[in-house]
Structure formats: C-alpha cells, structure tokens
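Work through the exercises below with the sequence and the structure open beside you. Try each task before reading its solution.

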Amino acid sequence: MEKETQKDTTCYHCGDYCREELVVFDHKNFCCNGCKSVYEILNQNALTDYYSIEDTPGFKNKAVNANQYKFLDLDDIADTLIDFKEDNKRIVRLFLPEIHCASCVWLLENLQKLHPGVQYSEVNFLKKEAMIAFDISLISFSELAVLLHRIGYPPKFDSQQKTKSSNKKLLLKIGITFFCFGNVMLFSFPEYLNPDESFMDTYRSFFTYLIFGFSLPVILYSSQSYLVSAFKALRSKTVNLDVPISIGIATLYVKSVYDIFTANGPGYMDSFVGFVLFLLAGKWFQEKTYQALSFDRDYKSYFPLAVTQLIGGEELIKQVDKIEVDDVLVIKNEEIIPADATLLSDTASIDYSFVTGESNPIRKKKGDVLYAGGKQTGAAIQVQVTKSLDQSYLTQLWNQNAFKKEEKEGALDLNNTLSRYFILIVLVIAAGSALVWAFIDPGRIVEVLVAVLIVACPCALALSIPFTFGNSLRVAGNNGLYLKNSSVIEDLGKVTDVVFDKTGTLTRQDQSSISYHGEGLSPESMAQLYAVTKNSTHPISRLIAGYCSSAELTNPEVRNYSEHTGKGITAQVQDACWQIGSKDFVGVNETDQQLRTRTYIKCNDRVLGYFQLQNTYRSGMEDLIGTLSKPCKLHVLSGDNENEKERLEQVFGKESPLLFNQKPIDKLNYINSVKTDNKVVMMVGDGLNDAGALKQSDVGIVLAEDVYNFSPACDGILDARNLNQLPELIQLGKYSLFVLRVSYFISLLYNGIGLSFALTDRLSPLIAAVLMPLSSISVVLITTLLVKLYAQKHLSGKN
C-alpha cells in the first residue's frame with residue numbers, strides 16, 4: 001500500500017475524487033483509509049462482485065467507534081428493538097439509510113459471508129430496511145451494528161425519523177431552489193422587458209452575476225442527486241432515468257455560465273433553475289403518494305382474520321387488528337400467534353418456521369415470551385399480549401424468500417426493459433436533433449437538445465406499475481382481500497382457472513349441522529370430546545366441539561394432542577385415549593352406501609360411533625359460480641366422499657371437474673396437472689388441508705371466517721363475507737392490467753407529442769421542465785382515479 005496526492009483520481013469504492021490523499025491498495029485507488037478498509041473486508045470474504053453490479057456503489061466510510069453501539073447490548077434496550085429471540089438466535093429489523101442501489105442489496109443479503117454469526121439477511125429496498133438473523137453467541141448486537149457501519153451502512157435507531165429525515169432533505173432542496181428560482185426570475189426581468197440599451201449596458205453584468213450566484217446552490221446542492229446517479233450509471237456503462245435529466249441540467253447550466261462570462265446575458269438560467277425546481281416538486285409528490293399507499297397497506301388495511309379472545313372465561317372472536325396489550329388470547333393448533341405475548345398455559349410447542357424457516361417445534365413453559373409469527377402445534381394455549389399488533393412485520397415475514405414462488409417474467413420486467421431502451425432511444429434522438437440543428441441554426445442547438453431530453457424522459461413510464469398496482473392493492477384490501485404484494489395483482493388479472501376446496505370454503509361451518517350416531521355418550525365422555533376438539537380449527541372439529549359444549553362439566557387436561565392433516569386427531573384425556581377422524585384413520589371397515597360425510601370416534605381402541613355432517617352451502621353461491629364461470633373454468637376438490645356430487649353438479653354444471661376423496665397430496669398434484677396446459681390457476685381454500693395446493697397454484701387464496709386460518713404459502717387472505725365479490729376482485733386484476741396499458745399509452749403519447757414540438761424548436765426548456773413532472777403527476781392521478789372509479793362501481797368496500 002502506498003500514499004500519494006492526486007486530485008484527478010476517483011475512488012474505486014465511493015467514486016469521490018481523491019483530493020486530499022490517494023490510498024493505493026491492491027492496484028486500486030481509494031480516497032481514504034475508510035474506503036480502503038471496506039474493500040479489504042469484501043476482498044477477504046470473496047464479495048468483490050459488489051463492485052461489478054454497479055460501479056463505485058459505496059459511500060465514503062467514516063471511522064467507527066465500537067463503543068458508540070455498546071448500548072445495544074443492554075437487555076432493556078435490545079428487547080425494544082429485537083423482533084425475535086430464542087436461545088441464541090435473534091432477528092432484528094434495522095433502518096439503513098445508505099441503501100441506494102442493487103449493489104447494496106446484494107452485499108447486505110450476503111452479510112453471512114462477512115461473519116459466521118450472521119445467519120441470513122433480507123433487504124426491503126423501498127423502506128431501506130434489512131431483516132437480519134444472527135447468533136448472539138457468535139456476534140453481539142453491538143458488533144453487528146459495528147460490522148454494518150464498517151462496510152458503509154451505519155444503522156439508525158430512531159424509527160420516527162426514518163421518513164422524516166429524507167422528506168426534510170427533499171423539502172430543504174425544494175425551498176432553496178424555489179428561493180433561487182424567484183430571484184433568478186426577478187433579476188431576469190430586464191431581459192424580458194427589453195428596456196433601453198443604456199440601462200442594459202449599465203446593469204446587465206450586475207444582474208447576470210447575481211443570477212449566477214443564485215444558480216450555485218441549485219447546481220451544487222439541489223441537483224446533486226441526479227448528477228451523481230447519472231455519473232455512476234455511465235461509469236458502470238448503463239443508463240438510468242437520471243442520465244437524460246442530468247445531460248439536460250449540465251447542458252443548460254454550462255451554456256448559461258458561458259453566456260454570463262462572455263457578456264451575452266443570463267443564458268438559460270431561468271430554465272435551468274425552473275427545471276430543477278419542477279423536478280424536485282414532482283419527486284416530492286411521487287414520494288408522498290407512495291408513502292400514503294404504503295401507510296394504507298401497513299396500517300389502515302388489515303389481515304381479514306380473527307383470533308379467539310378469552311373474556312371472563314368465555315371465548316369470543318376478535319378481529320386481529322383490534323388486539324390490544326394485555327388481551328388474553330386462545331391460540332389453537334396450527335394457529336399463528338399474531339403479536340408478541342407471554343405464555344399463560346403450563347406448556348406450549350411453538351413452530352417458528354414462519355419467522356426463522358426452521359420447522360422444529362420449540363417447547364415453552366409458563367411465563368415464557370412468545371413472538372409474533374410463531375405457530376402453536378398441539379393443544380390450545382392461552383397467551384397474554386405484550387406488544388400491539390405490527391401488521392407491517394407480519395407482511396414482511398409473509399414476503400420472505402422461503403415463501404416465494406417460482407419467479408415468472410411479468411409486467412415489471414417488461415417495464416424495466418422498456419424504460420431502459422426508451423432512454424437509449426431518447427439519447428439517440430437528442431444527439432440526432434443536435435446534429436440536424438447544427439446545419440439549420442447552430443444557435444438553437446442547446447434549446448432543442450435540452451427540450452428533447454426533458455420532454456422525452458420516460459419518468460411517467462416508470463411510475464405506471466407501482467402506482468397502478470399499488471392502488472389496486474389498496475382497493476383489494478379495503479374489500480377484504482389482503483394480498484401478499486403488488487405482483488399478485490398481475491397474476492390475479494391472468495387467472496384462467498379457479499379451483500375451490502369444498503369444506504369450509506363453499507360450505508358455511510357456522511350454519512352446518514351435525515348429528516351423533518352410535519353408543520350413548522356419558523357426560524364425562526362428552527366433556528372429554530369437547531376438550532379435545534376445541535383445540536382444532538378444522539370446521540368439523542369445531543362443529544363437534546359445539547355439539548359437546550353443553551356437557552362441559554369440568555375442564556380436563558388434554559395430553560399428547562396431535563392433529564394429522566386430512567385424517568384426524570389423537571389425544572389423551574385422563575385415562576382415555578381418543579381417535580377422531582375418517583374411517584381409515586380410526587380403523588372402521590363398514591361401508592356407507594349413502595356416502596354421507598362421517599367423522600368416527602374411538603376411545604381406548606373401541607369405536608363408539610360417528611358424527612354425521614349436513615353441509616350448508618354459502619348463500620349466493622349459485623350467483624357467484626354463475627358469474628365466475630363466464631371468464632374462468634371452475635374446479636372443485638374435496639376430501640369428502642361423493643355424497644353431494646349431484647348438488648354440486650347442479651351449481652357448477654357437468655363441464656366443471658368435481659373430484660372427491662382428495663388427500664392433500666392429491667390436491668397439489670391436480671393443481672400441477674392443470675398448470676401444464678399453460679393455465680393460470682387460482683386455488684381458494686381454508687388453509688387447513690390444502691397448504692401444498694395453495695403454494696403450488698399461481699394465486700393461492702385462503703378464505704378466513706372467524707378463525708385465524710393462515711398459510712404463509714398463500715398469496716392472499718379473503719374475508720369469507722366478501723367471497724361473493726371474488727369475480728369482481730379477479731376482474732380488478734384484469735382491469736389493473738388495462739389501466740397499466742392506458743398509462744403506458746398516455747406516457748408514450750405525451751412523449752411523442754412533446755418530441756414533435758421539441759424537435760421543431762416550438763418548445764422552450766422551461767415549458768418542457770414544467771410538462772415533465774406534470775406528466776408524471778398525471779399518470780399518478782389517472783391510475784389512482786381509474787382504479788378508484790372501478791372500485792366505486794363494482795365493489796362495496798370503502799375505497
């Protein structure tokens with residue numbers, strides 16, 4: 001390593017000029033030891049691909065004092081920041097404001113290669129957050145913060161300042177630019193009014209130098225983010241939206257400075273400052289709109305799910321968004337704990353696969369902390385809520401890589417490709433126009449070139465997808481369909497086949513009836529049956545529990561509870577060993593000629609009898625199926641026998657496949673078979689026996705009634721009360737694709753018309769600067785308005 005001074009060399013890590021000193025290491029130039037140290041860390045851990053994704057992606061790294069993060073090792077402070085803690089494992093969400101490009105995401109998601117104590121890291125680019133899992137025995141919380149600081153991503157812990165700081169900086173830029181714009185326009189008035197020559201000869205130089213002075217904060221501060229972004233893109237031999245913008249800014253400014261210092265007037269300084277002002281104003285509007293959509297999804301929308309609350313010994317159903325601290329909840333088998341809580345029951349077996357990806361249940365004892373996202377496996381438990389529900393956290397867990405489906409090329413990929421090539425086309429057109437005007441009127445080259453670059457910038461094109469799908473996501477949430485992310489909207493619009501599960505989806509569990517046939521059940525047996533079945537969320541189990549609830553004389557302890565998906569339940573109550581389920585599970589050989597839905601019970605190896613189910617279908621099912629069958633092919637999969645085949649054929653028609661006696665694996669295989677014909681399949685189920693099929697489908701929807709059914713493999717949760725709106729919600733996806741095409745057309749039409757005026761020198765740079773953010777704002781407003789109009793016309797929820 002050597003040190004020398006060289007002012008014209010840029011840093012390999014951050015791209016800044018090495019003005020004060022030049023540090024050479026590994027034949028590469030760095031502006032300081034901080035940047036060199038980051039490179040050393042990455043190089044030693046084979047992570048230098050960080051520099052190949054984008055050129056000079058880093059920030060100048062300030063020295064870190066290890067003691068500045070020591071407060072994170074205090075339990076009282078750490079517990080307020082950590083989302084999950086079990087043995088040595090910790091999961092934390094950190095705000096990293098320096099995240100700005102694809103290289104940042106790549107490096108942070110390879111954090112485990114820098115330290116063995118880091119288990120995994122997932123980045124939310126838009127929120128500039130990283131969810132990091134680490135082993136506290138190998139790396140402390142403070143050491144993790146130091147590691148992040150050393151590689152250029154110092155964490156910020158004041159969550160309330162996350163968006164405020166960036167908003168404040170943008171507003172400061174707008175304020176400074178507006179002040180400068182007003183003064184530039186003021187001192188340009190003599191040029192507009194054309195007073196007598198003696199006045200101009202006396203004061204022109206004075207006014208133009210004042211204009212130059214007011215332009216400096218704009219070029220050095222307000223427009224810096226655009227220029228730096230374009231510079232880095234060009235150095236990495238790519239183009240982005242900031243390239244044509246920056247060329248326009250630089251061209252206007254250089255020509256104006258030349259005119260000022262050659263006494264030819266203020267040049268285009270009014271257009272330059274106005275251009276930057278309108279750029280920043282448009283950016284502020286976009287960010288505010290996007291933040292509103294994001295807030296709407298994280299806090300105003302809600303999971304259309306419910307959980308059981310215990311009040312005065314009585315179990316009541318409560319919507320999850322109404323959960324409050326100190327509420328006592330009953331978490332049944334396979335239910336997810338919605339918020340951090342303390343265990344009140346003696347023991348629990350918690351599966352944290354939703355949080356950590358590891359499915360081995362963890363034994364918990366009374367008084368232990370249970371974290372949101374954990375799933376109870378076994379008998380029902382009671383917990384007391386210690387933290388309010390954080391829906392943004394649950395949504396982030398839901399979007400983890402572990403639950404992502406196979407990536408397919410979609411509208412977002414097309415949008416990125418279209419924007420990239422469009423920028424190249426604009427640059428070629430701008431260069432061609434400059435060449436043509438060199439022969440027509442060289443004095444007009446700057447105005448034409450800048451007007452072309454500004455008016456043809458595809459900013460509106462880039463905004464089409466996030467605002468179209470973002471608004472659709474909000475509307476769906478307001479109508480009881482909470483979707484995993486915006487990409488599901490696109491898949492929703494392409495659905496060709498809808499596959500329904502029967503029990504709990506087409507049928508209403510709260511209105512179905514059940515009757516018992518067999519040996520007489522003593523009050524004690526009824527109480528034990530109630531104690532066993534109330535632990536399950538399966539519709540038939542809940543019906544049996546309701547049948548036996550009147551005989552609840554005691555509250556017997558349930559031991560060795562186990563629920564076998566698609567088969568039945570085993571449990572021990574006092575000296576009785578119970579088996580409840582299908583005839584094959586219980587071991588019954590008799591054949592029911594009438595093909596009724598029966599659930600058998602066995603106690604201590606003796607079959608006592610069976611419960612017979614009489615299904616009640618949801619009201620309006622005929623209208624739902626009639627409407628949905630027009631755009632989509634319908635299918636029904638049921639784990640029951642063919643008892644109700646004739647009834648279903650009357651509703652679905654004989655052309656719809658109806659399959660019975662389907663095990664979970666059969667449902668999954670059937671979904672795969674339908675998809676082989678290039679069909680886009682939606683699966684609608686209750687999330688109990690069809691998790692595999694939900695994951696395998698293109699759009700998996702869990703129907704939620706008054707229980708907390710939730711499968712992380714699904715793409716959306718639909719409130720059962722809104723099932724009749726399913727055709728309209730599918731149509732919302734199709735309509736969103738139409739709105740997307742409309743916004744593309746408007747963007748391209750604006751660019752085409754604007755180019756025709758700019759190329760013929762009928763559009764000044766200042767007017768182009770006004771039109772460019774207006775086009776972006778118009779796309780935002782049009783997409784929002786069109787989606788809102790559809791919702792008001794076709795959907796009943798608050799929109």
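**Exercise 1.** Which residue of E22 is the bridge partner of glutamine 572?

Solution. This is a predicted model, and the pairing is read from its backbone.
- Step 1. Locate the two strands: E21 covers residues 568–573 and E22 covers residues 576–581.
- Step 2. Note the sense of the pairing: E21 and E22 are antiparallel, with six bridges between them.
- Step 3. Find the partner: glutamine 572 is bridged to cysteine 577 in E22.

**Exercise 2.** Place these two strands in their sheet: in what order do the strands of the sheet lie, and which are the edge strands?

Solution.
- Step 1. Write down the order, which is E19-E24-E23-E22-E21-E20. The sheet is open, has six strands and is paired in the antiparallel sense.
- Step 2. Look for strands that pair on one side only; these are E19 and E20 (558–564), the edge strands.
- Step 3. Take the turn between neighbouring strands of this sheet, which is 15° on average when direction is ignored.

**Exercise 3.** Which strands does H18 lie across, and which does H19 lie across?

Solution.
- Step 1. Begin with H18: this helix lies across E20, E21, E22, E23 (597–603) and E24. The angle of H18 to E22 is about 60°.
- Step 2. Go on to H19 (residues 539–548), which lies across E19, E21, E22, E23 and E24. The angle of H19 to E24 is about 105°.

**Exercise 4.** Describe the salt bridge between arginine 606 and glutamate 519.

Solution.
- Step 1. Take the distance: the side chains meet at 3.2 Å, N to O.
- Step 2. Place the residues. Arginine 606 belongs to strand E24 (residues 606–614), while glutamate 519 sits in the loop between E19 (513–518) and H18 (523–533). They are 87 residues apart, so the pair links distant parts of the chain.- Step 3. Classify the exposure. Arginine 606 has a relative accessible area of 44% and is partly exposed; glutamate 519, at 37%, is partly exposed as well.

**Exercise 5.** Are lysine 364 and glutamate 86 buried or exposed?

Solution.
- Step 1. Locate them: lysine 364 lies in strand E13 (residues 362–365) and glutamate 86 in strand E4 (residues 82–86), 278 residues apart.
- Step 2. Take the contact: their side chains form a salt bridge at 2.3 Å, N to O.
- Step 3. Read the exposure: both lysine 364 and glutamate 86 are buried.
- Step 4. Set beside this the salt bridge of aspartate 79 and lysine 85, at 3.0 Å, N to O. Aspartate 79 is partly exposed at 35% relative accessible area, and lysine 85 is partly exposed at 27%.

**Exercise 6.** How many salt bridges does the model have, and which residues are linked in a network?

Solution.
- Step 1. Apply the cut-off: a side-chain nitrogen of Lys or Arg must be within 4 Å of a carboxyl oxygen of Asp or Glu.
- Step 2. Count: the total is 14 salt bridges.
- Step 3. Look for linked residues: Arg444, Glu447 and Asp761 are joined in a network of salt bridges.

**Exercise 7.** Why is helix H5 described as largely enclosed by the rest of the structure?

Solution.
- Step 1. Use the cut-off: a residue is buried when its relative accessible area is under 20%.
- Step 2. Count along H5 (residues 141–150): eight of its 10 residues are buried, so the helix is largely enclosed.
- Step 3. Name some of them; among the buried residues are Phe141, Leu144, Val146 and His149.
- Step 4. Look past the helix: glycine 152 follows H5 and has a positive phi, near 100°.

**Exercise 8.** Which residues of strand E10 are buried on one side and which on the other?

Solution.
- Step 1. Sort the side chains of E10 (residues 328–331): Val328 and Val330 are on one side, Leu329 and Ile331 on the other.
- Step 2. Read their exposure: these four are all buried, and both faces of E10 are covered.
- Step 3. Find the neighbours of E10. Strand E8 (residues 306–311) pairs with E10 in the antiparallel sense over two bridges, and strand E16 (residues 381–385) does so over four bridges.
- Step 4. Follow leucine 329: its bridge partners are glutamine 309 and, in E16, valine 383.

**Exercise 9.** Which residues form a nonpolar patch on the surface with about 470 Å² of accessible area together?

Solution.
- Step 1. The patch consists of Leu435, Val436, Phe439 and Ile440.
- Step 2. Place one of them: leucine 435 is in helix H14 (residues 411–440).
- Step 3. Classify leucine 435: it counts as exposed because its relative accessibility is 55%, and the cut-off for exposed is over 50%.

Note on methods
Residues are numbered from 1 along each chain as its sequence is written. This is a predicted model: local features need pLDDT of at least 70, side-chain atom pairs count only at pLDDT 80 or more; totals for chains, interfaces and linings use all residues. Side-chain values use heavy atoms; hydrogens and water are left out. Patches are made of residues with over 30% relative accessible area and no salt bridge: like charges are joined within 9 Å, nonpolar side chains (Val, Leu, Ile, Met, Phe, Trp, Tyr) within 5 Å. Accessible areas come from the Shrake-Rupley method with a 1.4 Å probe; for residues, only the protein chains shown count as cover. Buried means under 20% relative accessible area, exposed over 50%, partly exposed in between (1.4 Å probe, protein chains only). Two strands pair if DSSP finds at least two bridges between them. Axes are lines fitted to C-alpha atoms, for helices over the stretch in contact, and angles run from 0 to 180 degrees between N-to-C directions. Contact means heavy atoms within 4.5 Å.
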